[in-house]
Number of protein chains: 2
Amino acid sequence: MAEQTPAASEENADGGKTAHVVFTPSGKRGDFPLGTPVLQAARQLGVDLDSVCGGRGICGRCQCSPSFGDFSKFKVKSQEQNLSEFGAVEERYKSKRKMKEGRRLGCSTFIQGDLVIDIPEDSQVHKQVVRKRAEVRNIEIDPVVRLHYIEVDEPDMHHPSGDLERVERALKDQWGIDVDRADLPVLQSLQKALRAGEWKVTAAVRNNHKLVYVWPGFKDAAYGCAVDIGSTTMSVHLCDLHNGEVVNSVGAMNPQIRFGEDLMSRVSYVMMNPGGDKEMTKAVRETLGFLLVQAATESGVDPNDILEVVLVGNPIMHHLMLGIDPTELGWAPFALATNQPLRVWASEIGLDGKVNPGSRAYFMPCVAGHVGADAAAVTLAEGPQYRDEITLVVDVGTNAEIVLGNKERLLACSSPTGPALEGAQISSGQRAATGAIERVRIDPETLEPRFKVIGADLWSDEDEFAAATKKVGVTGICGSGIIEVLAEMYLAGLITTDGIIDGSLASRTDRLVAEGRTFSYVLHRGEPEIRVTQADVRAIQLAKAALYAGAQLLVDKLGKPVERVVLAGAFGSHIDAKYAMVLGLIPDCKLDMVASVGNAAGTGARIALLNKKARDEIRATVHRIEKIETAVEEKFQQHFVEAMAFPHKTAPYPNLRAAVTLPEPKVASDGNEGREGGGRRRRRRG
Amino acid sequence: MAEQTPAASEENADGGKTAHVVFTPSGKRGDFPLGTPVLQAARQLGVDLDSVCGGRGICGRCQCSPSFGDFSKFKVKSQEQNLSEFGAVEERYKSKRKMKEGRRLGCSTFIQGDLVIDIPEDSQVHKQVVRKRAEVRNIEIDPVVRLHYIEVDEPDMHHPSGDLERVERALKDQWGIDVDRADLPVLQSLQKALRAGEWKVTAAVRNNHKLVYVWPGFKDAAYGCAVDIGSTTMSVHLCDLHNGEVVNSVGAMNPQIRFGEDLMSRVSYVMMNPGGDKEMTKAVRETLGFLLVQAATESGVDPNDILEVVLVGNPIMHHLMLGIDPTELGWAPFALATNQPLRVWASEIGLDGKVNPGSRAYFMPCVAGHVGADAAAVTLAEGPQYRDEITLVVDVGTNAEIVLGNKERLLACSSPTGPALEGAQISSGQRAATGAIERVRIDPETLEPRFKVIGADLWSDEDEFAAATKKVGVTGICGSGIIEVLAEMYLAGLITTDGIIDGSLASRTDRLVAEGRTFSYVLHRGEPEIRVTQADVRAIQLAKAALYAGAQLLVDKLGKPVERVVLAGAFGSHIDAKYAMVLGLIPDCKLDMVASVGNAAGTGARIALLNKKARDEIRATVHRIEKIETAVEEKFQQHFVEAMAFPHKTAPYPNLRAAVTLPEPKVASDGNEGREGGGRRRRRRG
């Protein structure tokens with residue numbers, strides 16, 4: 001038997017020869033009788049070495065890399081002849097599947113002397129998905145559902161027992177798994193699967209105790225989907241549950257848009273039309289089903305291999321997806337049906353036939369009536385709760401969800417930004433797609449613009465630009481483009497601190513054109529012509545003021561300044577920190593402490609899909625988040641009015657001013673218009 | 001605080017007065033401060049006093065009976081003035097609902113001095129349902145689902161929480177219940193229920209931890225259904241989960257009959273018609289749904305108040321109801337999909353909309369591939385596993401399921417009797433309904449018969465018989481009538497030991513008429529004329545030989561003789577032990593040790609419905625039953641052939657002979673026919 005002390009090959013108590021084996025990188029070590037398979041030795045020592053087939057030379061998951069040489073630090077001389085020769089099973093596996101040079105199959109390789117064996121990252125059960133940004137934690141792969149290949153006893157008339165009971169016994173004997181529950185769909189397909197696989201099957205086991213599906217023969221493909229249901233768009237990420245890879249990402253408009261553009265108009269629809277919630281539930285479920293099947297079939301995955309779906313969304317999307325009437329979220333006191341995470345059958349939310357019949361749908365918890373599961377997911381992805389710095393996490397959608405704090409304390413609220421920051425309600429706005437303007441620069445002398453569009457890597461004043469955009473065209477401005485053009489206009493003096501497009505500059509540029517009492521700036525002369533109108537500036541002012549006011553409210557409560565900002569959401573990954581700060585979208589902090597992270601809600605959903613412990617973690621975190629309701633906070637309105645100016649009426653923005661020269665405040669000739677916007681009655685929840 | 005020592009009223013440590021209260025029949029006693037409600041005192045002592053409303057004077061479940069007088073054995077003088085006066089709450093309850101004279105509401109009655117208070121049986125939480133037969137155990141009411149009235153906090157914007165979380169807190173604070181899971185249907189209806197009930201609701205909680213439904217306001221009606229799915233008939237017993245009463249029983253033919261009369265022909269249908277199992281599943285589920293709604297509406301019960309369904313049936317019905325293809329049960333080795341009990345959503349077996357959306361369906365476990373959940377239910381109802389005497393339990397359906405043993409050891413098998421004992425495959429056979437002959441006597445001198453039919457209480461030779469049966473008619477012979485007429489014919493010498501209708505007696509009676517080579521006996525001259533044919537005798541011989549052979553096989557294995565017989569099944573409660581033994585349907589034992597118990601499978605299902613511990617009990621019992629497969633037992637065929645004779649070829653039947661004079665064995669002139677039947681090839685599984 002294995003022991004954890006170093007020793008050279010020697011005879012054991014039985015007189016049989018043993019060898020000393022060291023596994024890296026764990027450093028776990030022990031003595032084993034000659035002839036022991038490497039996989040067995042690894043298991044005995046608790047080394048993290050994967051296997052689906054249970055050591056039968058089928059799955060190839062237990063690949064390991066023997067290292068040869070004199071490892072003085074381990075006091076082990078690892079020699080090539082101390083390992084059995086490359087055998088038939090390994091040859092067969094290597095010829096059929098890919099196996100790197102120098103790798104061996106742990107189950108089919110036998111110890112014949114002292115060895116040092118490395119377990120590569122991709123052979124570990126709990127391997128890590130490395131994330132691009134250094135400041136966020138990697139994802140450890142540990143999904144709720146795992147596959148296990150088993151060989152099942154045939155029925156015996158002299159000792160009658162159910163097929164299920166023999167499957168359970170095989171899981172116990174061959175994998176140490178105690179199944180205490182089997183789903184009905186398992187029972188409905190079990191007998192045929194056992195006979196089709198000639199008593200060899202692969203079982204999907206949930207949380208190490210619940211049998212959810214059985215396939216004939218060996219199988220090693222298992223998938224899950226991370227779903228983000230936004231008010232405007234829905235996205236599905238199909239993930240391989242073995243290595244965490246995103247196999248495919250697909251998206252679609254939320255079909256509920258036909259019932260109302262923003263959340264509040266959808267709740268109003270329900271209030272005005274009894275049963276309207278059921279129409280919307282049906283619409284969103286159908287689209288999700290369609291997306292799941294699309295994601296699978298596009299990438300050659302059988303939808304029946306999707307074993308888990310994790311969903312996030314704002315509270316109203318969360319409720320509608322679950323078939324819960326969202327009316328209570330439309331008025332004070334904005335009571336959620338529940339703020340706990342939920343696990344239901346995928347079939348309970350209309351996904352029968354779209355995924356495996358044993359598949360479950362896991363809904364991340366909502367934080368409060370206005371702060372959804374998407375905010376919980378963003379928190380999980382960004383982890384402010386693990387940091388020392390006071391971090392502001394902003395998830396911009398049609399509603400902004402805002403989390404502030406650090407490992408000591410977390411606060412959250414939502415703010416009704418409306419869809420302007422996503423490019424909606426903007427005269428030339430469009431979603432971030434090919435042809436959309438996403439980068440803008442304006443020469444402060446000539447007031448001439450140049451820009452880049454999605455799908456072409458050139459600035460509009462470069463020679464090849466016309467040719468490069470001939471096909472994609474220049475079709476509109478996306479969210480990040482709006483931020484840049486307004487910030488550049490402000491920096492060039494085209495917009496005043498109060499947000500007025502300054503018509504007095506029309507003498508310097510013909511790009512400023514009068515439209516009634518106000519002026520517009522022509523960003524692109526073409527078909528279509530793309531202008532920035534006074535109404536566009538107002539829409540962004542209202543949105544950014546709401547966002548800032550929400551953040552400021554949390555800063556007030558916490559009593560500490562923001563040290564770090566994370567911008568997430570539809571426009572997130574492309575937004576430039578400087579411009580966001582120039583417009584006063586976010587509070588002041590060091591510019592290099594602002595990160596734009598894109599769809600962090602989707603990332604959070606993916607983490608919850610790939611790692612079951614993350615679910616407990618975020619549940620506990622959500623529980624301790626202090627929920628602030630902007631609707632009952634008197635100071636919110638005051639913060640909002642003060643935040644209408646660029647970058648802000650009173651906030652000094654020292655870090656920003658150190659990096660960028662802001663224009664001197666000036667009031668345009670038509671100054672009244674600038675104040676009118678601040679008093680405009682905001683709708684509750686964008 | 002309460003103490004368990006007797007004492008007269010005295011001051012307690014705080015200087016406040018206390019009184020001594022004794023509860024009967026438990027004898028629990030303690031001292032309580034004056035003014036304590038009786039319900040609270042009972043709870044503190046752990047006295048079994050019911051309540052749904054939690055002491056709010058609504059449900060009336062906590063009724064108790066104060067006893068007045070000098071109770072020297074308790075050293076307590078219980079006086080009328082020691083109890084608060086009949087108050088407004090009690091007046092209101094009494095005027096609206098029934099409350100017996102002398103009863104008080106425990107929650108609204110206050111202790112003012114020493115008292116002896118009796119808790120009547122119907123006020124106990126764990127009350128007993130007393131069963132008619134003394135030898136079987138009563139049923140303690142302890143269902144998986146219970147109702148609890150709660151008052152829930154309203155949502156507060158300053159301390160946001162989900163509605164569900166406040167419901168859970170109320171259940172914890174007001175009932176000590178830790179809910180750890182809420183079904184999706186609860187969440188879908190919760191918010192409306194809370195507001196409709198003005199934050200007072202009644203919650204249905206499963207197994208003390210799972211929230212399954214919430215109704216606005218107070219509610220105390222909860223129901224469950226015990227379902228027996230036979231090959232030929234289906235029955236549903238609607239039970240009140242509070243007091244265990246059967247509120248309504250309804251039944252219908254199993255609609256699968258159109259796919260085949262017996263089990264084997266239905267399995268054959270599946271083998272011949274791919275997808276045929278789905279047709280049969282659909283048919284039986286639809287009929288069950290119809291029966292559930294019928295049972296409820298006929299008795300004024302809202303189907304939404306049905307919170308639990310317990311199902312029993314033979315293995316093939318069990319599998320088909322669950323949507324499991326029964327093909328494997330049609331051939332050796334007769335492998336069940338599972339031999340464990342199963343709990344699924346009622347909606348998973350097609351009962352959505354027929355019962356409460358939170359309702360579950362519990363399937364009792366099958367014993368083996370041929371021995372179903374009905375046998376498990378019969379075992380639960382009859383409890384041979386608790387007895388000293390070796391008990392033979394026979395459940396007669398289209399297949400007989402047989403259990404033999406006592407508290408030390410239990411064996412089980414099934415035997416293919418076919419439907420003859422239920423009146424099918426008999427020339428004038430019919431099911432036990434109005435107009436069916438169920439009792440028969442034949443004068444051994446005149447060979448003239450007299451009989452009784454269901455629905456009239458007169459013998460056919462009585463004066464008023466014609467008038468009494470004018471309306472119902474004499475329509476056929478039911479199962480128990482067949483047993484009696486054959487036994488009486490045999491006792492009168494009309495049938496030989498070998499089962500031949502003895503044509504040589506035609507000279508003595510014109511009721512014997514020739515039909516081809518054989519004779520028939522005219523039991524009733526009317527419209528229709530009711531005869532017993534030679535084929536009828538053969539059908540019963542085959543059935544009873546199969547039954548006896550199965551029982552004998554178990555006796556062989558056990559090595560001990562039968563001391564007690566329980567006859568259950570479709571014809572069960574009306575069958576006369578003497579006649580069953582005269583025909584050799586059951587082995588010899590003392591005649592007063594034979595009980596006919598009717599639908600014991602339905603009773604077992606009802607026990608599992610009303611008492612959750614019974615489920616664990618029968619699961620453990622089924623696990624230890626030794627399963628005997630008649631198909632692989634060589635001696636079965638020999639036992640079968642020997643059991644063809646009346647009462648048996650070799651068994652001496654001493655107890656029977658002590659009570660009844662059996663005819664001398666004689667061989668009819670046409671003796672060959674008698675032996676032919678025994679060798680006839682039996683079909684597998686009637």
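A residue counts as buried when its relative accessible area is under 20%. With a relative accessible area of 13%, A:D228 falls below that cut-off, so this aspartate is buried. The model looked at here is a predicted one, and A:D228 makes a handy way into it. This residue sits in strand β15 of chain A, a stretch that runs over residues 223-229.

What does A:D228 touch, once residues up to four places away in sequence are left out? The list is made up of A:T233, A:M234, A:S235, A:V312, A:N599, A:A601 and A:G602. One of these, A:G602, is 374 residues away from A:D228 along the chain, yet the C-alpha atoms of the two are just 5.5 Å apart. Contacts across long stretches of sequence turn up in chain A as a whole, too. Among its contacts between residues at least 6 apart in sequence, 67% join residues at least 24 apart.

Zooming out, chain A has 686 residues, and 61% of them count as buried. Its secondary structure comes to 17 helices and 32 strands. Along the principal axes, the C-alpha trace of this chain spans about 100 × 60 × 55 Å. The accessible surface of chain A adds up to about 26400 Å², and carbon and sulfur atoms account for 49% of that.

A second aspartate, A:D240, is found in strand β16, which covers residues 233-240 of chain A. Where is the nearest side chain of opposite charge to A:D240? That side chain belongs to A:R61 and is 5.9 Å away. A salt bridge here calls for a side-chain nitrogen of Lys or Arg within 4 Å of a carboxyl oxygen of Asp or Glu, so A:D240 goes without one, even though this residue is buried. Apart from its neighbours within four places in sequence, A:D240 is in contact with A:A222, A:Y223, A:E245, A:V247 and A:L610.

On the surface, the picture changes to nonpolar side chains. A:M271, A:M272 and A:W331 form a nonpolar patch there, and together they have about 340 Å² of accessible area. A:M271 belongs to helix α5, made of residues 263-272 of chain A. Is A:M271 buried or partly exposed? Its relative accessible area is 33%, so A:M271 is partly exposed.

Next comes the place where the two chains meet. The size of an interface is often given as the accessible area lost when the parts come together. Between chain B and chain A, the buried area is about 3700 Å², with carbon and sulfur atoms giving 57% of it. On the chain B side, B:M157, B:L184 and B:Q191 lose the most area to chain A, together 18% of what that side buries. Counted by residues, 45 of chain B are in contact with 45 of chain A. How many salt bridges are there between chain B and chain A? The count is 4. One salt bridge that links the chains pairs the side chains of B:R195 and A:E328, with N and O 3.0 Å apart.

Over all chains, the structure holds 73 salt bridges. One of them, within chain A, joins A:R531 to A:E515, with the closest N and O atoms 3.4 Å apart. A:R531 lies in strand β29 (residues 530-532) and A:E515 in strand β27 (residues 512-515), so this pair ties together parts of chain A that are 16 residues apart in sequence. A:R531 has 24% relative accessibility and so counts as partly exposed. A:E515, at 35%, also counts as partly exposed.

Chain B has its own examples. The side chains of B:R146 and B:D142 meet in a salt bridge with an N to O distance of 3.8 Å. Here B:R146 is partly exposed, with a relative accessible area of 24%, whereas B:D142, at 6% relative accessibility, counts as buried. In another salt bridge of this chain, the side chains of B:R439 and B:E484 meet at 2.7 Å, N to O. B:R439 comes from strand β24 (residues 436-442) and B:E484 from helix α10 (residues 479-491), so the pair ties together parts of chain B that are 45 residues apart in sequence. B:E484 is buried, with a relative accessible area of 1%. Back in chain A, salt bridges that share partners join A:E140, A:D142, A:R146 and A:K613 into one network.

Note on methods. Residues are numbered from 1 along each chain as its sequence is written. Chains are lettered from A and ligands numbered from 1 in the order in which they are written. This is a predicted model: local features need pLDDT of at least 70, side-chain atom pairs count only at pLDDT 80 or more; totals for chains, interfaces and linings use all residues. Side-chain values use heavy atoms; hydrogens and water are left out. Patches are made of residues with over 30% relative accessible area and no salt bridge: like charges are joined within 9 Å, nonpolar side chains (Val, Leu, Ile, Met, Phe, Trp, Tyr) within 5 Å. Accessible areas come from the Shrake-Rupley method with a 1.4 Å probe; for residues, only the protein chains shown count as cover. Helices (H or I, at least four residues) and strands (E, at least two) are DSSP runs, numbered from the N terminus. Buried means under 20% relative accessible area, exposed over 50%, partly exposed in between (1.4 Å probe, protein chains only). Lys and Arg count as positive and Asp and Glu as negative; His and the chain ends are not counted. Contact means heavy atoms within 4.5 Å. Buried area is the accessible area (1.4 Å probe) that two parts lose on being put together, summed over both.
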